[in-house]
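Me: I have a structure open and want to go through it bit by bit. Can we start with a single residue and work outwards?

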Amino acid sequence: MKKITKIMNMLDWHNSYEVQRKGIDLAKNVETVSPFLQPMTPEYNKNVWENCAVVLSEKTDEELKFYLSPLLEWLQDMNWPGAFCIFKRLQEFSDINLVRSAINACIEKAKKCNDETWECNLNYLMRKIGR
């Protein structure tokens, strides 16, 4: 836990580029993905999201495949730090059917929540991966 706290402190956008880059490099060795999925604590929130997205974008499909729904939730607002990085990473996912399935589930969730922006973003991603 101390290692994650140290890394998260380094990922803060208020730090120098060098410190942030070192935090990203250290995060490559963290086996779990979950601490980097849009953390929302008093200390770590949007101030670390861009760098968390970079960390996640460097993970393998195998490491990310169980986290597609939380990754897609990042697309609820494309103004959120890291949203475009996550969008790009999802486009590169090798198992298109798995991504499509997760997108469809999130589209249903967006419809139930009347979140038209998220639904639009998800439909756009679906078109982009439609190869």
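Me: Gln38: buried or exposed?

Reply: Gln38 counts as buried, at 16% relative accessibility. Buried means under 20% relative accessible area, exposed over 50%, and partly exposed in between, with a 1.4 Å probe and protein chains only. This is a predicted model, where local features need pLDDT of at least 70, side-chain atom pairs count only at pLDDT 80 or more, and totals for chains, interfaces and linings use all residues. Residues are numbered from 1 along each chain as its sequence is written, and side-chain values use heavy atoms, with hydrogens and water left out.

Me: Where is Gln38, and what is its phi near?

Reply: Gln38 sits in the loop between α2 (17–27) and α3. Its phi is near 40°, a positive value in a residue other than glycine. Most residues other than glycine have a negative phi.

Me: And Asn114, buried or exposed?

Reply: Asn114 is exposed, with a relative accessible area of 67%. Asn114 is in the loop between α7 and α8, and has a positive phi of about 55° although it is not a glycine.

Me: What do α7 and α8 do on either side of that loop, packing-wise?

Reply: Helix α7 (residues 96–112) and helix α8 (residues 116–129) pack at an angle of about 160°, with their axes 9 Å apart. Axes are lines fitted to C-alpha atoms, for helices over the stretch in contact, and angles run from 0 to 180 degrees between N-to-C directions. The two helices, α7 and α8, are therefore roughly antiparallel to each other. The cut-offs are under 35 degrees for roughly parallel, over 145 for roughly antiparallel, 65 to 115 for roughly perpendicular, and oblique for the rest.

Me: Which residues meet there?

Reply: From α7 they include Ile96, Val99, Ile103 and Cys106, and from α8 they include Trp118, Leu122 and Leu125. Contact means heavy atoms within 4.5 Å. By class, the contact of α7 with α8 has eleven nonpolar, two polar and four charged residues. Ala, Val, Leu, Ile, Met, Phe, Trp, Tyr, Cys and Pro count as nonpolar, Asp, Glu, Lys and Arg as charged, and the others, Gly among them, as polar.

Me: What does Leu72 touch?

Reply: Leaving aside neighbours within four places in sequence, Leu72 is in contact with Leu90, Ala102, Ile103, Cys106, Trp118, Leu122 and Leu125. Leu72 lies in helix α5 (residues 68–73) and is buried, with a relative accessible area of 1%. Leu72 and Trp118 are 46 residues apart in sequence and 9.0 Å apart in space, C-alpha to C-alpha.

Me: Switching topic. At what angle do α3 and α6 cross?

Reply: At roughly 15°, with the axes of helix α3 (residues 46–57) and helix α6 (residues 83–91) coming within 8 Å. So α3 and α6 are roughly parallel to each other.

Me: What does Cys85 contact?

Reply: Cys85, in helix α6, touches Glu50, Ala53, Val54 and Ser57, not counting residues up to four places away in sequence.

Me: How many helices and strands in the whole chain?

Reply: Eight helices and zero strands. Helices (H or I, at least four residues) and strands (E, at least two) are DSSP runs, numbered from the N terminus.

Me: And what share of the residues is buried?

Reply: Of the 131 residues of the protein chain, 44% count as buried. Along its principal axes the C-alpha trace spans about 40 × 30 × 25 Å.
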